[in-house]
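Trainee: I have a model open and want to learn how to read its ligand sites and its odd backbone spots. Can we go through them together?

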Amino acid sequence: MSVCVVVGMQWGDEGKGKIIDLLTEKADVVARYQGGHNAGHTIIFDGNKYILHLIPSAIFRPDKICVIGNGVVIDPAALSEEMQMLKDLGFDYEGRLLISDRANIILPYHRISALQKEGASGSRKIGTTGRGIGPAYSDKIARVGLRTCDFLDESRLQETLRSNYEEKKKILKNLYGENLPELGEIVDQMLSHRDRFVKFIVNTQSFLRDRIAEGKTILCEGAQGTMLDIDHGTYPFVTSSNSTAGGACTGLGIPPARIDRTLGVIKAYTTRVGEGPFPTELHDDYGEQLRNDGDEFGSTTGRPRRCGWFDAVVGKYAVELNGIDAVALTKIDVLDQLDTIRVCTGYRHHGKVVDGLPASLPVLEQCEPVYTEYPGWQQSTSGIRCFDELPDNAKRYIDGLQDHLGVEIPLISTGPGREETILRGELL
Ligand code: GDP
Ligand code: IMO
Ligand code: MG
């Protein structure tokens, strides 16, 4: 038995969906702890590709329980759509999908506000997914949010919406010239989605603690990644939640002492969607090659992902901050055709070596990466399942990354499918 947090170590899209789906074979419960439908987790098996935004990546394994935790922000329309997609595809979630009674709701005014704020931000634009994530978390912290438990009590739902409505309407009108739909329309929208998922709303916090007491294996599924964390990421170019491992405790109601293990997921190079500093970003043919060979286009918005070399400063920061015990390295096959591969092992600022990851955005933006070079292997690693079968230069690169991170890499992913994986040690 164990409780394991699975966390992204970069700026998201590290391949968490694949890794969680794979590990779920040995788990009983998978629980999402933060974020919302800004996430896009891809799972490929039996030749089919699925992208999940809100529902945990275990939903395709028939006997596993999936929890949407209190730390997640839920857009009822997006959740309904995802449930419908699963139904249409023939995946049954009855009795296996549990939604926290304490999760905050994304409302239509959050979505409008997210889009308008970005449009008006000029050079300070964050490049959000436009899903209303930031405004919904802002209302949660401001203590004016609507929560899932309010769906169990229609009068409470109406009352909360009514008490917020006039203020939101004025702000949107005066700042952005946007008209908010009538209050009755918003209430009706919420009620129409309610019927679809109200029966899944339970106290998932005590459910999870009970399963832990029974000795079940629980995976806590992080969305986004360490560098997008609201406290520890490249603020303000971050998301609005704690995507780092600590978020699993607050976002699920699991006591810190019950977490046994933290597993980090990291790509063999780096990508980022949206704006913000990215020291190892490539604007040349190498960057283009990584984007094409890695199919680096956003799972949620379809935007091209910015691509760059592996950044061991970021990796080491993620290891220390999250207390990572083991690393899953993904997309090694994407490097197959490169002649030379670079790894950033430190930053220089105005010629001086910087210690760790600078907090100041202007400083980080001015940092120059210090690189170590590795020779490429220029042969296919796609689908390899045994470490010994990898080309020698690929082995050297992986072991080099292991040394830079200071943590074992027991899992190496050589393709998007479940079976395209090398396991050379225990993960859970
Ligand atoms: P997540 O948000 O961390 O779950 O990652 P995404 O699903 O957004 O993006 C990862 C992408 O890489 C998806 O398209 C996966 O199918 C794909 N992927 C995952 N692992 C591998 C791998 O080892 N090799 C290749 N080529 N693709 C991978
Ligand atoms: P997964 O779980 C990559 C990025 C957005 C933007 C910033 C803030 O698939 O790894 P938001 O809509 O959250 O307010 O946007 O965060 N972002 C992601 N980037 N993967 C994600 O999720 C992301 N979720 C948000 O592009 O830069
Ligand atoms: Mg993603």
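Mentor: Start with one contact. An oxygen atom of ligand 2 is 3.4 Å from a polar backbone atom of Gly127. Keep in mind that this is a predicted model.

Trainee: Which side chain has a polar atom 2.5 Å from an oxygen atom of ligand 2?

Mentor: That is Thr129. The backbone joins in again at Val273, where an N or O atom lies 3.0 Å from an oxygen atom of ligand 2.

Trainee: How much of ligand 2 does the protein bury?

Mentor: Take the ligand alone and then in place. Alone, ligand 2 exposes 550 Å², and the protein buries 97% of that area.

Trainee: How many residues are around ligand 2, and which come nearest?

Mentor: There are 20 residues around ligand 2. Nearest are Lys16, His41, Thr129, Gln224 and Thr239. So Thr129 is on that list and also supplies the 2.5 Å side-chain contact.

Trainee: How does the shell around ligand 2 divide by class?

Mentor: Count nonpolar, polar and charged residues. Ligand 2 has seven nonpolar, ten polar and three charged residues in its shell.

Trainee: Now ligand 1. How many residues surround ligand 1, and which are the closest?

Mentor: Ligand 1 has 19 residues around it. The closest are Lys16, Thr42, Ser299, Asp333 and Ser413. Lys16 is also listed among the nearest residues to ligand 2.

Trainee: Which polar contacts should I look at?

Mentor: Begin with the backbone. A polar backbone atom of Glu14 is 3.1 Å from an oxygen atom of ligand 1. At Gly15, a backbone N or O atom lies 2.9 Å from an oxygen atom of the ligand. Then go to Ser413, which places a polar side-chain atom 2.5 Å from an oxygen atom of ligand 1.

Trainee: What is the burial of ligand 1?

Mentor: By itself, ligand 1 exposes 580 Å², of which the protein buries 93%.

Trainee: In which pocket does ligand 1 sit, and which elements give two or more residues to its shell?

Mentor: Ligand 1 sits in the second largest pocket. The elements are α1 (16-23) and β3 (41-45). By class, its shell has three nonpolar, nine polar and seven charged residues.

Trainee: Why is ligand 1 said to lie between domain 1 and domain 3?

Mentor: Ask which domains supply the shell. Domain 1 (2-100 + 200-262) and domain 3 (266-423) both give residues to the shell around ligand 1, so the ligand lies between them.

Trainee: Next, the backbone. What is the usual pattern for phi and peptide bonds?

Mentor: Most residues other than glycine have a negative phi, and most peptide bonds are trans. Now look for exceptions.

Trainee: Where is the cis peptide bond from Tyr to Pro?

Mentor: Go from Tyr235 to Pro236: that bond is cis, with omega near 5 degrees. Pro236 is in the loop between β10 (218-221) and α8 (246-252).

Trainee: And positive phi?

Mentor: Asp295 is not a glycine, yet its phi is positive, about 50 degrees. Asp295 lies in the loop between α9 (285-293) and β13 (306-308). His350 also has a positive phi, near 50 degrees. Its loop runs between β16 (340-349) and β17 (352-354).

Definitions and conventions: Residues numbered from 1 in each chain as written. Chains lettered and ligands numbered in written order. Predicted model: local features only at pLDDT ≥ 70, side-chain atom pairs only at ≥ 80, totals over all residues. Heavy atoms only, no water. Near = heavy atom within 4 Å. Polar contact = N/O pair within 3.5 Å; in protein donor to acceptor, adjacent residues only side chain to side chain. Areas by Shrake-Rupley, 256 points an atom, 1.4 Å probe, with all protein chains shown as cover. 1 Å grid on protein atoms, 1.4 Å probe; cavity = no way out; pocket = protein on both sides within 12 Å on 5 of 7 lines; lining within 4 Å. Sits in = over half its atoms within 2 Å of the grid points. Helix = DSSP H or I, 4+ residues; strand = E, 2+ residues; numbered from the N terminus. Nonpolar A, V, L, I, M, F, W, Y, C, P; charged D, E, K, R; others polar. Domains from an automatic or database assignment.
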